[in-house]
Amino acid sequence: MNIQESAVLELEELDVIQKGWDQERHFFKNKVHPDDFPPLPELPAARYTDEAFYQLEQEHLWSKTWVLAGFANEIAKPGDFKAMEINDRPIVLVRGKDREIRAFYNVCQHRGSTICKTANGNAKQLTCPYHGWTYDLEGNLQFVPAQHEFPALDPAQKPLRSIRCEMNGNLIYVSFDDNAQPHQRFLGNIGLLMSDIPFDQVMHYETVAWTVESNWKSVQDAFSEAYHARFVHAQTAHQSLDTTAPVKYLFKHGHYVQINRSRQGEAGIFGQNQEAADESRTIGQMKPLTRYGQRAYNLFPNLTLPITEGAFSVIAIWPVDVGTSRIDLHFLKICPDGELVVTEDDREAVIQFSAVIDEDIATLAGMHNAMTSGGLDSIPLSYGEQALYNFHREVDRLIGPERIDPALRVQDANIPVY
Ligand code: FES
Ligand SMILES: [Fe+2]
């Protein structure tokens, strides 16, 4: 769908959302859904358990898409680096002398040793521990011990292999596809909707990680619908948010946002009292909606950004193997003056939000065993779970439906996306 920017921005105007919430409430109360919403096809359960399908995802999805690799303040100074594996590929983010952030394969061009062996550090140059080949912070091969013994070697032809790296404010995204479209274009209209969020002011202060015996899509599904919240989060998120009637918008490329109304009205998110809410005002230039509800953006393939006043986090889901996933819960803070001060309230937010994820983990644990048992053939999808359909369709689109066993494909349904 090709729609005007202004029409996209209107989707999250407060009066539009409030009308949307009333309408969704009406649907829920009267046990109906919009007349024109089509029944959704069931998802074959084997999509979550089949080893060949998992390999197709590795090859065609994870190697083509954009993924979040870190935050600018994790590598704040020239020479700071962050090394990690993303889908089994060793990568390193480096802040250059020119203060630019670059991404490289953390792979020495001599014989393939990983170069940075610690997760974080600061270095004047990157020296391979195996035979001492040394690269500058921009990835150029600078020094080769006993270079005269390599008569044919031209160091200028042996820089570290770079990886596409683009910033969205202080969020660092990478793609293994040199031909990937620019990250902003990949986000498309959902990026436009998020344009009030001051990503250039966010700073990372904590990450909590879990491993769970579930396929990564089962975990991503859990962060793409509010249907489970009244059961799994009955005593937590469901207390502060009306999770039965979110406003939902689907976007191209598998992106999605659901917007849940705060039960306490203005500034009532997460049960803050008015005084505490006033003190922690971070709304700045953010949409008025920020005071009345929680926007939870799903950015394909593996991110969820729940945005509320005074609370800002990113959930990233990573495949470990077909039946195991890792959840990284990153805590961020909006710091308009670039100074990160972590308060007791920020620490409390880590404890409280981690407890909510613990509730998800408890239901997701062992799901892989359950799904491989032969006890489930396919997964029906409700109106409230429409994001799962949009997400799985994008998975198939990236892999290429012709490569997928017909029994595992997601069938067509005609639902509008922005
Ligand atoms: S593998 Fe890096 S210097 Fe030999
Ligand atoms: Fe949940």
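**The iron site, aromatic pairs and internal spaces of a predicted model**

The iron ion (ligand 2) is bound by the protein donors His228 (NE2), His233 (NE2), Asp360 (OD) and Asp360 (OD), which lie 2.0 to 2.7 Å from the ion. The model discussed here is predicted. Along the chain, the donors of the iron ion (ligand 2) follow the spacing H-x4-H-x126-D. Histidine 233 sits in the loop between α7 (229-232) and α8 (237-240), whereas aspartate 360 belongs to helix α10 (residues 344-364); the pair links distant parts of the chain, 127 residues apart.

The geometry of this site can be stated in terms of angles. Ideal angles at a metal are 109.5 degrees for four tetrahedral donors. Around the iron ion (ligand 2), the 4 donor atoms subtend angles of 53 to 152°, and the arrangement is therefore irregular. For four donors to count as tetrahedral, all angles would have to lie between 85 and 135 degrees. Histidine 233 counts as buried because its relative accessible area is 4%, and aspartate 360 is likewise buried, at 3% relative accessibility.

Attention now turns to the aromatic residues. The structure holds 13 aromatic pairs. In one of them, phenylalanine 199 and phenylalanine 312 meet edge-to-face, with 6.2 Å centre to centre and 85° between the planes. Phenylalanine 199 lies in the loop between α5 (189-193) and β12 (202-212), and phenylalanine 312 in strand β17 (residues 311-321), so this pair ties together parts that are 113 residues apart in sequence. Both phenylalanine 199 and phenylalanine 312 are buried.

Phenylalanine 300 and phenylalanine 391 form a tilted pair, at 5.6 Å centre to centre and 50° between the planes. Because phenylalanine 300 lies in the loop between β15 and β16 (303-308) and phenylalanine 391 in helix α12, the pair ties together parts that are 91 residues apart in sequence. Phenylalanine 300 is buried, with a relative accessible area of 3%; phenylalanine 391 is buried as well, with 4%. These two residues also belong to a cluster in which ring pairs link Trp62, Trp216, Phe300, Trp318 and Phe391.

Phe300 and Phe391 appear again in the lining of a cavity. A search of the whole structure finds 2 cavities of 30 Å³ or more, and the largest holds about 50 Å³ of space. Its lining consists of Gln220, Ser224, Gly254, Tyr256, Asn298, Leu299, Phe300, Pro301, Ala387 and Phe391. At least two of the lining residues come from each of β15 (293-299) and α12 (386-399). By class, the lining of the largest cavity comprises 6 nonpolar, 4 polar and no charged residues.

The second largest cavity has a volume of about 30 Å³. Among its lining residues are Trp66, Val67, Leu68, Tyr173, His183 and Phe186, together with Leu299 and Phe300. Two or more lining residues are given by β2 (66-71) and by α4 (183-187), and the largest share, 3 residues, comes from β2. This lining has 8 nonpolar, 2 polar and no charged residues.

An open space completes the description. The second largest pocket contains about 540 Å³ and is lined by 19 residues, of which Glu24, Lys248, Tyr249, Tyr383 and Tyr418 lie nearest its centre. Both α2 (14-29) and β13 (241-250) supply at least two residues of this lining; α2 gives the most, with 6 residues. The lining of the second largest pocket divides into 12 nonpolar, 3 polar and 4 charged residues.

Methods:
Residues are numbered from 1 along each chain as its sequence is written. Chains are lettered from A and ligands numbered from 1 in the order in which they are written. This is a predicted model: local features need pLDDT of at least 70, side-chain atom pairs count only at pLDDT 80 or more; totals for chains, interfaces and linings use all residues. Side-chain values use heavy atoms; hydrogens and water are left out. On a 1 Å grid over the protein atoms alone, a cavity is a set of points where a 1.4 Å probe fits but cannot get out, and a pocket is an open set with protein on both sides within 12 Å along at least five of seven lines; lining residues have an atom within 4 Å of a point. Grid points are joined across faces, edges and corners, and a volume is the space filled by probe spheres set on the points. Helices (H or I, at least four residues) and strands (E, at least two) are DSSP runs, numbered from the N terminus. Ala, Val, Leu, Ile, Met, Phe, Trp, Tyr, Cys and Pro count as nonpolar, Asp, Glu, Lys and Arg as charged, and the others, Gly among them, as polar. Donors are N, O and S atoms within 2.8 Å of the metal (3.2 Å for Na, K and Ca); water is not among the atoms, so sites may look incomplete. Four donors count as tetrahedral if all angles lie between 85 and 135 degrees; four count as square planar and six as octahedral if opposite donors are over 155 degrees apart and all others between 65 and 115; anything else is irregular. Buried means under 20% relative accessible area, exposed over 50%, partly exposed in between (1.4 Å probe, protein chains only). Rings of Phe, Tyr and Trp (its six-membered ring) pair if their centres lie within 6.5 Å; planes under 30 degrees apart count as stacked, over 60 as edge-to-face and the rest as tilted.
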